[in-house]
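This report describes how a bound ligand is held by its protein and how two of the sheets are built. The sequence and the structure follow.

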Amino acid sequence: MRRSQLFLPTLKETPAEAQIVSHRLMMRAGMVRQTSAGIYAWLPMGFRVLKKIEQIVREEQDRSGAQEVLMPTIQPADLWRQSGRYDDYGKEMLRIKDRHDRDMLFGPTNEEMITEIFKAYVKSYRDLPKNLYHIQWKFRDEVRPRFGVMRGREFLMKDAYSFDLDYPSSRHAYNKMFVAYLKTFARMGLKAIPMQADTGPIGGDLSHEFIILADTGESQVFCHKDYVDFDVSGQPIDFDDVAGVQKVVERWTSLYAATDEKHDTAAFEKIPAEKRVTARGIEVGHIFHFGTKYSEPLGAKVTGPNGDIVTVLMGSYGIGVSRLVGGLIEASHDEAGIIWPEAVSPWGVGVVNLKVGDGECDKVSGDLYAKLGNAGREPLYDDRDERAGSKLADMDLIGLPWQVIVGPRGLKSGVVEVKNRRTGEKQELSPEAALNRLTA
Ligand code: 5CA
């Protein structure tokens with residue numbers, strides 16, 4: 001992509017309404033535009049990051065055996081009357097009437113709808129287990145939408161729903177998601193710690209929130225310090241290996257980690273003082289096991305192996321896809337701007353031509369841009385005729401992991417500069433060596 005053609009409305013000034021760094025940087029980097037309180041339009045750069053996050057989430061869900069579907073945003077109120085949540089959900093639910101005066105709503109979550117779909121088709125234990133997920137916009141009329149996309153009213157969520165015949169198998173479904181989440185966040189370069197959590201309006205008896213530690217987080221959390229240093233990447237996992245999956249979950253639940261609502265002061269104080277972490281955190285995912293809370297009232301039953309009728313056991317598993325865009329910036333930035341982890345960066349390499357119009361600079365930059373593109377590195381080429389200083393500041397702000405800086409002075413001695421955005425480390429290399437360095 002050529003910067004001269006790109007719709008990337010960066011701002012020099014910090015917008016006054018943005019209270020936290022990720023919101024400020026998202027506005028300054030022209031990633032989103034607020035259209036109403038807590039509702040955002042995604043501009044090209046923001047959209048590219050959102051799609052990269054979504055794709056990582058999708059790949060890890062698929063790898064764990066979940067299957068993607070797409071349910072509508074608008075739901076009939078009747079479904080929610082059956083589960084009893086139509087009234088319980090209160091003012092957070094956006095209620096709508098259609099032209100026939102029927103009660104509809106903009107879905108805040110999809111337990112009821114997926115249970116109804118499952119019930120319509122699945123009649124036998126032979127068709128179990130199943131885990132269906134979608135990545136779809138949700139609406140919750142939050143009292144205090146704030147911090148940009150972190151607490152929006154309209155937001156993109158991945159929500160998965162598991163259906164099983166008995167407790168051991170539904171517990172395995174829960175464990176699989178637990179492990180898939182560790183892998184998902186690790187791929188994005190995030191350390192997300194699973195913590196015991198309250199189940200709120202979703203319900204159930206077993207639940208973990210995946211929390212990234214950040215001072216600006218909305219949750220108060222408590223955990224054992226060793227979790228902060230745990231390696232999240234781990235070995236490749238066989239999701240059908242029940243004991244193997246369970247072992248990973250046990251390792252990640254062996255030490256104390258809880259959110260405010262589940263905090264047990266006595267248990268926490270048993271940890272040696274120097275190992276106690278009290279911190280703020282951002283909830284990027286939340287998993288629930290709630291048994292028959294929805295399958296019972298909605299009548300999701302199958303014939304069991306002995307001909308008996310069994311109400312299926314369920315869990316649901318959410319990831320805040322749009323929240324992650326902000327969460328990633330909170331976790332990775334400096335005074336100059338965003339620092340994208342490679343896996344979610346909107347473009348792979350920024351090519352900065354310091355002197356547009358100079359024959360040699362144009363030629364070398366254009367050539368690097370073309371070759372990086374051919375190599376699949378998704379380059380962004382700053383070919384605008386502007387001050388070098390402001391182009392460099394702009395490139396730092398948008399935070400691509402690598403920059404190649406092409407200027408007349410360097411080219412005189414046959415070199416360009418390759419800069420690592422995270423470390424600030426710069427290397428002078430011939431254009432060819434730079435290309436090799438960036439495509440290796
Ligand atoms: N049905 C369940 C799991 S599928 C559910 O809705 N869980 S949730 O309420 O915990 O939401 C799942 C994830 O969505 C959260 O972990 C959080 O990352 C994200 N999320 C929730 N509310 C918001 C919001 N207002 N703005 C942005 N992201 C949100």
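An oxygen atom of the ligand lies 3.3 Å from a polar backbone atom of Gly-320. Polar contacts here are pairs of N or O atoms within 3.5 Å; within protein, one must be able to donate a hydrogen and the other to accept it, and residues adjacent in sequence count only if both atoms are side-chain atoms. The model is predicted: local features need pLDDT of at least 70 and side-chain atom pairs count only at pLDDT 80 or more, while totals for chains, interfaces and linings use all residues. Residues are numbered from 1 along each chain as its sequence is written, and side-chain values use heavy atoms, with hydrogens and water left out.

The table lists these contacts of the ligand.

| Ligand atom | Protein partner | Distance |
|---|---|---|
| nitrogen | Glu-111, N or O atom in the side chain | 2.6 Å |
| nitrogen | Gly-152, polar backbone atom | 2.8 Å |
| oxygen | Gly-320, polar backbone atom | 3.3 Å |

Taken alone, the ligand exposes 600 Å², of which the protein buries 96%; accessible areas come from the Shrake-Rupley method with a 1.4 Å probe. Strand 8 (154-164), strand 13 (276-291) and strand 16 (313-320) are the elements that give two or more residues to the shell around the ligand. Strands are DSSP runs (E, at least two residues), numbered from the N terminus. Strand 13 supplies the largest share of this shell, five residues. Around the ligand there are 22 residues, of which Thr-109, Glu-111, Arg-140, Gly-152 and Glu-283 come nearest; a residue counts as near if one of its heavy atoms lies within 4 Å.

Two open sheets can also be described. In one, three strands are arranged in the order 4-6-5 with antiparallel pairing. Because strand 4 (74-76) and strand 5 (94-97) stand at the edges with a single partner strand each, one side of each is left without a neighbour in the sheet. The twist averages 40° from one strand to the next, with axes fitted to C-alpha atoms and angles running from 0 to 180 degrees between N-to-C directions. Strand 5 is joined to strand 6 (residues 103-106) by four bridges, and Leu-94 stands opposite Phe-106 in strand 6. Strands pair if DSSP finds at least two bridges between them.

The other sheet has five strands in the order 20-19-21-22-23, and its pairing is mixed. Strand 20 (379-382) and strand 23 (426-429) are its edge strands, each pairing on one side only. Strand 19 (residues 349-353) runs parallel to strand 20 over four bridges, where Val-351 has Tyr-381 as its bridge partner.
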